[in-house]
Amino acid sequence: MIKEDYFIFTDESCITNPDKPYSAICAMSGSVQFFKSQEQQIKNILGNSTEYKFQKLNKNTKDDLLKLCDKVLFPAINEEKMRIDVLIWNNQQYDKNQENMHYHLLLNVLRKYPKNIKWLYYPDQDIGKNYAEITNIVNTAANSKTPYELTLEQLAAEYMIHYQGELDSKNSKLIQITDVFAGLGAFSYNYYNDYTDWSKNTTGSLSFDFVQPDIENNRKAQKYNNRFILLEAINARCKKYNSHHSINSKHGLHSYGSKYGMNFWLWGNDRSNMLKREQSC
């Protein structure tokens with residue numbers, strides 16, 4: 001019987017930006033004991049900025065995040081001490097329904113752990129507002145609730161999810177990490193063509209060094225250079241540890257099967273995709 005509590009942190013990317021075709025939600029999960037044991041090391045590594053956000057990535061914060069990946073995140077994921085799961089969807093194909101996608105991501109993550117775990121749940125502020133309203137509904141007739149409210153309540157009861165209140169990302173390095181990976185997941189699809197152009201025209205050292213005199217393209221590559229470097233580095237690490245991972249087949253980060261703990265999941269509602277994913281769990 002598992003006695004220790006587990007954390008789950010969530011954050012989103014491109015939910016409120018109607019100009020981006022892809023959005024994403026990230027969940028980072030693992031035991032409270034593990035995260036507390038790594039708390040000081042994480043703070044030591046992430047020391048160049050008060051807040052790490054994917055949209056504000058610069059050279060220093062990018063280098064810090066890659067160091068964190070190599071010193072903490074990937075070693076822990078390889079030892080199955082934690083997970084980072086990112087659900088990405090195309091807003092042009094599916095309704096931009098954050099609540100439904102949030103539910104599917106949570107369900108997918110919770111199924112990777114034993115059922116007798118007590119979950120301490122900390123969403124980012126934007127996600128937490130909706131979740132708090134739902135989980136705080138009491139003494140209300142079932143037929144007055146929406147299907148989503150009912151399913152999320154059932155999920156919280158079945159998996160012992162205890163809502164701890166939303167966190168301001170400025171005060172939580174763990175929420176900041178989920179922000180970065182949610183941003184990375186959405187960015188990999190929104191800017192895939194730009195990434196491949198950048199990748200073809202950079203040196204092996206991954207530094208910006210365009211050889212084509214395309215000024216407009218150069219400006220875009222310069223603007224997103226640190227994000228492209230982080231994307232390529234994370235993709236390389238995922239491929240190293242998970243042979244079922246790709247960036248080219250779906251034109252964005254995608255993990256075929258979700259057993260490995262660094263999991264990028266492009267949403268597909270068709271039955272064949274769902275069956276394949278359930279069989280891989």
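**Stop 1: the sheet**

Start by colouring the strands of this predicted model: you will find an open sheet of 6 strands, ordered E5-E4-E1-E2-E3-E8, with mixed pairing. Now pick out its edges, strand E5 (161-163) and strand E8 (262-266), each of which pairs on one side only. If you look along the sheet, the twist from one strand to the next averages 20°.

Next, select residues 22-31 and 82-90. These are strands E2 and E3, and they pair in the antiparallel sense over 9 bridges. For a landmark on this pair, label Met-28 and look across to E3, where Ile-84 is its bridge partner.

**Stop 2: a helix across the sheet**

Keep the strands on screen and add residues 32-45, which make up helix H1. H1 lies across strand E1 (5-13), E2, E3 and strand E4 (118-123). Relative to E2, H1 runs at about 95°.

**Stop 3: H1 against H2**

Now show residues 59-78, helix H2. How far apart are the axes of H1 and H2, and at what angle do the helices pack? The axes are 10 Å apart and the angle is about 160°. Since angles over 145 degrees count as roughly antiparallel, H1 is therefore roughly antiparallel to H2. Their crossing is right-handed.

To see the contact itself, show side chains for Phe-34, Gln-38, Gln-41, Ile-42 and Ile-45 on H1. On the H2 side, select Asp-64, Lys-67, Leu-68, Lys-71, Val-72 and Ala-76. Coloured by residue class, this contact of H1 with H2 divides into 6 nonpolar, 2 polar and 3 charged residues.

**Stop 4: H2 against H9**

Leave H2 in view and bring in helix H9, residues 225-241. H2 and H9 pack at an angle of about 15°, with 10 Å between their axes. That angle makes H2 roughly parallel to H9. Here, too, look at the handedness: H2 passes H9 in a right-handed crossing.

For the side chains, select Lys-59, Lys-62, Leu-66, Cys-69, Asp-70, Phe-74 and Asn-78 in H2. They meet Asn-226, Ile-229, Leu-230, Ala-233, Ile-234, Arg-237, Cys-238 and Tyr-241 in H9. The contact of H2 with H9 splits into 9 nonpolar, 2 polar and 4 charged residues.

**Stop 5: H7 against H9**

Stay on H9 and add residues 192-200, helix H7. Is H7 roughly parallel or roughly perpendicular to H9? The two helices pack at an angle of about 85°, their axes 10 Å apart, which means H7 is roughly perpendicular to H9.

Show Asp-194, Tyr-195, Trp-198 and Ser-199 from H7, then Asn-225, Phe-228, Ile-229, Leu-231 and Glu-232 from H9; together they make the contact. By class, the residues of the contact of H7 with H9 are 5 nonpolar, 2 polar and 2 charged.

**Stop 6: the aromatic cluster**

With Tyr-195, Trp-198 and Phe-228 still displayed, add Phe-54, Phe-187, Tyr-191 and Tyr-224 to complete one aromatic cluster. To finish, show every Phe, Tyr and Trp ring: a search of the whole structure finds 22 aromatic pairs.

Notes:
Residues are numbered from 1 along each chain as its sequence is written. This is a predicted model: local features need pLDDT of at least 70, side-chain atom pairs count only at pLDDT 80 or more; totals for chains, interfaces and linings use all residues. Side-chain values use heavy atoms; hydrogens and water are left out. Two strands pair if DSSP finds at least two bridges between them. Helices (H or I, at least four residues) and strands (E, at least two) are DSSP runs, numbered from the N terminus. Axes are lines fitted to C-alpha atoms, for helices over the stretch in contact, and angles run from 0 to 180 degrees between N-to-C directions. Contact means heavy atoms within 4.5 Å. Angles under 35 degrees count as roughly parallel, over 145 as roughly antiparallel, 65 to 115 as roughly perpendicular and the rest as oblique. A crossing is left-handed if the near helix is turned anticlockwise from the far one by less than a right angle, and right-handed if clockwise. Ala, Val, Leu, Ile, Met, Phe, Trp, Tyr, Cys and Pro count as nonpolar, Asp, Glu, Lys and Arg as charged, and the others, Gly among them, as polar. Rings of Phe, Tyr and Trp (its six-membered ring) pair if their centres lie within 6.5 Å; planes under 30 degrees apart count as stacked, over 60 as edge-to-face and the rest as tilted.
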